[in-house]
Structure formats: C-alpha cells, structure tokens
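Morning, everyone. I'll take cysteines, then a helix, then the packing. Have a look at the model first.

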Amino acid sequence: MSIAEKLTAIAENEQKVFAAGRKAEYDAFWDVIQENGRLDHDYRNAFGPCWTKDNFYPKYNIEGPNAGNATFRFFSAQRGELDLGQRLEECGVVFDTSRSTVLENVFYGADISRVPAISAVSANQYGLMNSFAYSRIRTIDKLILRDDGTTYFSGTFRDCSFLTNIVIEGKIGKNGFDVNQSPNLTHDSLMSILNALEAKTEGTWAVTLGTANLAKLTDGEKAIATQKGWTLA
Amino acid sequence: MIETNITLRKLTADEGMVLTNGEAYGKEIYLGIYDSAENWHEITDGEYAQILAAQEKEEGAMQ
C-alpha cells in the first residue's frame, strides 16, 4: 500500500476511530461508576446534583438491594428535566427496584419529569419515606406496592406539586398516603389510588387527597374508599 | 336486584381551621364506615403549618 493509499484509508476510517475512542471512554467511565454492573453496587446518592440529562447514559441495569437508596436525590435540571423512562429505554437498561430494601429519598428533589415503574415490594420499614418529595415528577408510570398493604408512607409526595399521573399496583394498607400537595392528579390517577385501598374490617384509616382532588370525584367514587373503611381527607 | 343507599358523612372545617385526627389533615373529611366525627377536631391553619414544618424537620433528621 502506497503512502497515498494509507492516507486515504486513514481519512476514510477517521470517524470509525473517533467513535471507537468515544465508546472506549464511555465504557471505562461507566464501568467504574457502576462497578461493571455489580448487583450489590451501592447507588446511595449516586446520581445527584452534578448529573444532568446530558451526561446520564447508564451502561448497566440499575438493580439489586441498593438500587433505590436516594439514587436520584437532587438529580439536577441545569440542562432541563429528564424523562428517565425514555432515557433508560434509549440506553437499553432498566431501573429495577424490586429487590431494593431502601427506597427512601430515591427521587427527593429530582428534576425528572417521568419515572418508569418503581417497585417497593422489598422496601424496609421506612418504605417510601420522602421518595418523591420536592421533585418535579409529572408521571410515575407505575408504583408497585406490597399486596399485603404493609408498604410504609411518610412524606412520600410532599410538595410534589407537578405530579399528574400515577398508577398504583398492589395495596395501600397503612396510614400516611398523602397527595394533598399534588392537586393536579388526573381522575384516572385518583381512581387508581381509591381502587388500591385495602378493605378494612375495623379501625380508623385515612388517606389524604386534598380538597382539589376530592372535587374531581363523585359521591359514588368517594364511597369506594369510605365503604372499604377509609376516611378521605 | 338489591338497591342500597350509601350515605357519605362529611365534616367541613370552619374558616381558617383544619380538621385532624392526629395523623391526617384536611378542610373536608369524608368519614369511613368505621370512623366517627368524635375522632376529629379542628386546629388553626397556623397550627397546621407548624405541624408540617415539624414533620419535615423530623424526616430530615432521619435521613
């Protein structure tokens, strides 16, 4: 091959070499950040304020017992909100919290517009404490609770004023479920909450929807809750 | 065919007040079938704000 031919070949392959370099850089970076996808990797505060929609491109699934430990606490909006569900699909990875024992603060203060299905079936006694508080989340594709109604709520949706859509799977069986500060919830979302309330046979139980959300329900719909032993606040 | 009348029992807070049973809070309350109006009492909006602030502080301390 002559020098001229070699130079031509180099020029033709320039973009491939550049792309290969970028890929190697990406692999090296994310292999360290996610410890090569180790299931027991600790994600506590992993993607905080320095992370934006421009640099969050995970290589491995975010899963295991520490997947949801304040993972996206204060995820930044410096460059706009992130549709987390869409981004994970683009990256070909999943955020699987079904084995996560800690889910406190998982999206606390996060500038994320949409989150995919979040499972709380393995959450510890602090359950969903502050999990979506102060976030800009508009849509939670699905919130999966334990079927026995033992998932704990406290401040879960505090000042979560942008929340519009949520689907609940499993049962709400404990006091503390409060969406009073999410007045924009759709009727379908409210019905999903009412239908998820565990039927009680005694005791006093309350779920807080707030005046704005209560106004979207008919008396018959409110009775879905009250007849199951739940007081609506 | 069975026809059933379902009665909703509604409590409404006075102006500037919030109803509470010690755990839940609201301006309007629709009582569940096992609940009673006696379990609810009024507090002022200011007292409610103080309770919310205290809850935030307590939860923040647990983080």
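A disulfide here is a pair of cysteine sulfur atoms within 2.5 Å. Keep that cut-off in mind. This is a predicted model. A search of the whole structure finds zero disulfides over all chains. Why is A:C50 not bonded? Its closest cysteine sulfur, in A:C91, is 16 Å away, so a bond is out of reach. A:C50 is exposed, at 57% relative accessible area. A:C91 counts as partly exposed, at 21%.

Next, helix α1 of chain A, residues 3-33. What should its 31 residues span? At 1.5 Å a residue, 45 Å. The end C-alpha atoms sit 42 Å apart, which agrees. The helix does bend, by about 50° at A:N13. Just after α1(A) comes A:E35, with a positive phi of about 45°.

Now the packing. The largest nonpolar core has 53 residues. Which members touch the most others? A:F56 and A:F107. Six chain A elements are worth pointing to: α2 (84-91), β2 (112-115), β4 (139-144), β5 (165-169), α3 (187-196) and β7 (230-232) each give two or more residues to this core. α3(A) gives the most, with five.

Stay with A:F107. Leaving out residues up to four places away in sequence, A:F107 touches A:F72, A:L84, A:F95, A:I112 and A:V115, among others. Its partners also include A:I118, A:F132 and A:I137. Apart from that core lies another, of nine residues. Among them are A:A206, B:A13, B:L19 and B:W40.

Technical notes
Residues numbered from 1 in each chain as written. Chains lettered and ligands numbered in written order. Predicted model: local features only at pLDDT ≥ 70, side-chain atom pairs only at ≥ 80, totals over all residues. Heavy atoms only, no water. Helix = DSSP H or I, 4+ residues; strand = E, 2+ residues; numbered from the N terminus. Expected span 1.5 Å × (residues − 1). Bend = angle between axes of the 7 residues up to and from the residue. Core = buried A, V, L, I, M, F, W, Y, C linked by side-chain atoms within 4.5 Å. Buried < 20%, exposed > 50% of the residue type's maximum accessible area, 1.4 Å probe, protein only. Contact = heavy atoms within 4.5 Å.
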